[in-house]
Amino acid sequence: MIGTPGRIYDLVKSGDLAIHKASTFVVDEADMTLDMGFLETVDKIASSLPKHLQFLVFSATIPQKLQPFLKKYLTNPVMEQIKTRTVISDTIENWLISTKGRDRNSQILEMTKLMQPYLAMIFVNTKERADELHSYLVTNGLKAAKIHGDVLPRERKRIMTQVKNLNYEYIVATDLAARGIDIEGVSHVINDAIPQDLSFFVHRVGRTGRNGLSGIAITLYQPSDDADIRELEKLNIKFQPKEIKNGEFVDTYDRDRRVNREKSQEKLDLEMIGLVKKKKKKVKPGYKKKIKWAVDEKRRKTKRVEARAKGRAERKAKRQNF
C-alpha cells in the first residue's frame, strides 16, 4: 500500500486496511512530513503496527523535531548516508546576481523580460513573500501562479492542471514545491533568496536541467549571504557571477575580488614592501624603474605559482571524481 498519511489512516480507521499484517513500514520524505504537519497522522498509523516489523525512514535532513518520533519507533537503528558524486546536474548553469541596493521585485521583473523561459519557477522562503511577489508579477502583466502551504488542495490541483496546459510561464512557490510536487519542463529557476535550510537549495535547482536538458538557476544574494554561498560551494556547486547590463545578462566580477586582492597584497614579502617605500624617496636616476621591475617580477612569479597550484588542485579533483 502506497499513499499519503491522511488517506492511509482513513483506511486504517475504517478497517479496510489489515495493517496488523504489515511486515514493513516506510516513511518517505520524513522531514517534509514533519514540516507539512503530517507527522502526527504518521504517528497514529505507526501505533497500530505490529511490534515486530522493519521500519524504514528516508529523509534529506534529520531535524531536531523529528528526533522524538524516531526514538519512539526505532531501536538502535542502522544509519545509512547515501553520498552523491554530483550534487547538481552538470547541465545546469548556476548564476549569482547581487541584490545590493536593489529592490528584489523590480529586479526579478527585469530578469523575466530577458529570460524567455518555457517555464520558470521562482522560489521564496515564506508564504507571505510568495503572496507579495505573485501579486507584483501579476499586476505587471505576467502569467504567474503561486503554490504554498495555504493554497487549498483543490485549488492546487487546478493550478497544476493549468501548468500542464501551459497557461502559466512562472510559478512562485515555497519549498513545498521544491520536493513535494513534480513539474516537468522547467527551463529556469530563480531563488528570490537563499533558503534558510541550505539542503533545499539542491532540491530547488534540481527542478530544472532534467533528462539531459539544459537549465539555468539564478540566485539573488546579498553580502550577508556569503557564508551560506561558501557552504554550497563546498558541495562542489560552482557559481557564475552575473549582472544585468544594457538589457542582457553579462559576466561580472567575482564577489571575492576584494578579498583576493587583499590576500595578494599580504603576500608581498618584507623585501618588496621595503622597495615600495623607497620609491617615495629621492633616489638615483633609473632606480625607480628597477624597483618597479622587481615588484612586477615578484608578482608575476607569485601568479605563476598560484596558477600551477590551482591546476594541480583541479587535476586532483578530476581524478577523484573518476
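## Helix H6 and the sheet around it

Let's start just after helix H6, where Gly 141 takes a positive phi of about 90°. Helices (H or I, at least four residues) and strands (E, at least two) are DSSP runs here, numbered from the N terminus. Keep in mind that this is a predicted model, in which local features need pLDDT of at least 70 and side-chain atom pairs count only at pLDDT 80 or more, while totals for chains, interfaces and linings use all residues. Residues are numbered from 1 along each chain as its sequence is written, and side-chain values use heavy atoms, with hydrogens and water left out.

For the overall picture, the protein chain has 13 helices and 10 strands. Of its 322 residues, 35% count as buried; buried means under 20% relative accessible area, exposed over 50%, and partly exposed in between (1.4 Å probe, protein chains only).

Back to H6, which covers residues 127–139. At 1.5 Å a residue, its 13 residues should span 18 Å, and the end C-alpha atoms are indeed 18 Å apart. (The expected span is 1.5 Å times one less than the number of residues.) Its buried residues are Arg 129, Ala 130, Leu 133, His 134 and Leu 137. Seen down the axis of H6, these fall within an arc of 125°, so they line one face of the helix; the arc is that of the directions from the helix axis to the C-beta atoms. Turned away from that buried side are the exposed Glu 128 and Thr 139. What covers the buried residues includes helix H5 (104–115) and strands S4 (120–123), S5 (144–147) and S6 (170–173).

Now the sheet. It is an open one of 8 strands, in the order S5-S6-S4-S7-S8-S3-S9-S10, with mixed pairing. S5 and S10 (248–251) stand at the edges with a single partner strand each, so one side of each has no neighbour in the sheet. On average, neighbouring strands are turned by 30° against each other, direction ignored. Two strands count as paired if DSSP finds at least two bridges between them. Here are three of the pairs:

| Strand pair | Direction | Bridges | One facing pair |
|---|---|---|---|
| S3 (residues 92–98) and S8 | parallel | 7 bridges | Trp 95 and Ile 218 |
| S7 (residues 188–191) and S8 | parallel | 4 bridges | Ile 190 and Ile 218 |
| S9 (residues 240–245) and S10 | antiparallel | 4 bridges | Lys 242 and Asp 251 |

H6 packs on this sheet too, touching S4, S5 and S6, and its direction makes about 170° with that of S5. Contact means heavy atoms within 4.5 Å. Axes are lines fitted to C-alpha atoms, for helices over the stretch in contact, and angles run from 0 to 180 degrees between N-to-C directions.

Strand S8 (residues 215–221) is mostly covered, with 7 of its 7 residues buried. Gly 215, Ala 217, Thr 219 and Tyr 221 point one way, while Ile 216, Ile 218 and Leu 220 point the other way.

One last stop is Ile 159, in helix H7 (residues 153–164). Ile 159 is buried, with a relative accessible area of 5%. Leaving aside residues up to four places away in sequence, Ile 159 touches Ala 145, Lys 146, Ile 147, Val 151 and Tyr 168. Ala 145 is 14 residues from Ile 159 in sequence and 7.1 Å away in space, C-alpha to C-alpha.
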